[in-house]
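Colleague: I'm new to reading models like this one, so could you pick a single part and take me through it slowly? Please explain the terms as you go.

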Amino acid sequence: MTKNKSKYDIFRQKIQIIIYGSNTFSGRLFDLVLLGLILLSVLLVMLDTVEGINQKYHAQLLVCEWIITIFFTIEYLLRIISIQKPLKYIFSFYGIIDLLAILPMYLSIFFPATNVLTIVRVLRFFRLFKILHIPQISHQSYQLKEALQASKEKILVFIYFVIISAVIIGALMYVVEGRESGFTSIPVGIYWAIVTLTTVGYGDISPATPLGQFLASLVMIMGYGIIAVPTGIVTAEFAKTSLRNSAISTKKICSKCLAQVHFDNAKYCYQCGKTLPND
């Protein structure tokens with residue numbers, strides 16, 4: 001029994017090195033093959049929606065998609081069994097993306113149209129940053145993540161204000177324009193307000209009365225300001241984060257988990273707790 005367990009542990013360790021060890025030859029080869037299959041899968045899904053190609057090669061494309069899906073399924077299961085804390089991976093950002101990458105094909109057995117949703121596999125390209133291990137990219141992505149986290153409350157308040165504004169504007173346009181101009185209900189007015197505020201302007205509904213056109217002009221001008229607000233919030237927080245993290249070093253690389261973003265005076269890795277080397 002101990003012997004079997006030992007063999008199983010050795011198997012798990014080898015799989016973990018290949019799947020998670022991007023600093024080894026086998027690990028990097030696996031990552032490159034994985035990225036190639038992700039790209040191929042996305043291309044197959046896109047080609048399958050082209051009518052001429054779909055009519056001639058639908059069966060072949062479907063077989064290729066299933067082969068890639070089975071590979072991704074095996075990879076997902078191996079990631080779970082080879083890691084010490086499988087639940088941590090399953091509910092992590094990458095774990096959820098990996099699951100979403102394989103679910104649509106299995107759902108397509110019962111709901112054929114859902115196979116198109118395999119396009120979400122393109123999200124797996126986020127692993128490219130982990131594979132490349134470029135300190136500058138890691139540093140910038142870390143700062144952007146911090147800036148977004150710091151500004152999320154302000155952005156939520158801003159979105160709340162936009163929703164309330166859209167409801168009020170939509171109701172006003174329904175009263176001013178009425179059904180004759182296409183504003184058949186308040187929800188339709190709200191739809192027009194959102195489209196106009198975001199400066200999309202489909203043109204399927206437009207005000208006809210002078211008062212309605214005046215209100216629409218104000219909404220359009222307001223739309224330009226609305227676009228600038230969230231950009232300014234994130235930019236300001238990014239500047240603060242850059243200043244606050246100016247003491248962060250990208251040279252201190254953890255030898256255990258390969259985390260690359262640490263403070264200059266840090267002694268231990270923020271991710272796994274291992275002692276960091278001195279610069």
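Modeller: Sure, and let's begin with a term: an axis here is a line fitted to C-alpha atoms, for helices over the stretch in contact, and angles run from 0 to 180 degrees between N-to-C directions. Keep in mind that this is a predicted model, where local features need pLDDT of at least 70 and side-chain atom pairs count only at pLDDT 80 or more, while totals for chains, interfaces and linings use all residues. Residues are numbered from 1 along each chain as its sequence is written, and side-chain values use heavy atoms, with hydrogens and water left out.

A quick overview before we zoom in. The protein has nine helices and two strands (DSSP runs: H or I over at least four residues for helices, E over at least two for strands, numbered from the N terminus). Reading from the N terminus, the order is α-α-α-α-α-α-α-α-α-β-β. Of the 279 residues, 32% are buried (under 20% relative accessible area; exposed is over 50%, partly exposed is in between, with a 1.4 Å probe and protein chains only). Now take contacts (heavy atoms within 4.5 Å) between residues at least 6 apart in sequence: 55% of them join residues at least 24 apart.

The part I'd look at is helix α3, residues 51-82. Let's start with its partner α2, residues 25-48. The axes of α2 and α3 come within 9 Å and cross at roughly 145°. The crossing is left-handed (the near helix is turned anticlockwise from the far one by less than a right angle; clockwise would be right-handed). On the α2 side, the residues that meet α3 include F30, L34, L37 and D48. On the α3 side, N54, H58, E65 and E75 are among the residues that meet α2. By class, this contact has 14 nonpolar, three polar and four charged residues. For the classes, Ala, Val, Leu, Ile, Met, Phe, Trp, Tyr, Cys and Pro are nonpolar, Asp, Glu, Lys and Arg are charged, and the others, Gly among them, are polar.

D48 is a good residue to click on over in α2. It counts as buried because its relative accessibility is 11%. Leaving aside neighbours within four places in sequence, D48 is in contact with N54, H58, L61, E65 and N115. D48 and L62 are 14 residues apart in sequence, and their C-alpha atoms are 8.4 Å apart.

Now swing round to α5, residues 93-107. The axes of α3 and α5 come within 9 Å and cross at roughly 145°, and α3 passes α5 in a left-handed crossing. From α3, the residues in this contact are L62, E65, W66, T69, F72, T73, Y76 and R79. They meet G95, D98, L99, I102, M105 and Y106 in α5. Sorted by class, that makes eight nonpolar, three polar and three charged residues. Notice that E65 turns up in the contact with α5 and also in the one with α2.

Two residues inside α3 deserve a closer look. T69 lies in α3 and counts as buried because its relative accessibility is 0%. A polar atom of the T69 side chain is 2.7 Å from the backbone oxygen of E65. Setting aside neighbours within four places in sequence, T69 is in contact with I102, M105, Y106 and R121. I102, M105 and Y106 are on the α5 list above.

E75 is in α3 too. It is a charged residue by the classes above, and it is buried, with a relative accessible area of 3%. The E75 side chain makes a polar contact with the side chain of R79 at 2.6 Å (such a contact is a pair of N or O atoms within 3.5 Å; within protein, one must be able to donate a hydrogen and the other to accept it, and residues adjacent in sequence count only if both atoms are side-chain atoms). Not counting residues up to four places away in sequence, E75 touches I19, F30, L34 and R124. F30 and L34 belong to the α2 side of the first contact.

So try showing α2, α3 and α5 together, with D48, T69 and E75 as sticks. You'll find D48 in α2, while T69 and E75 sit in α3.
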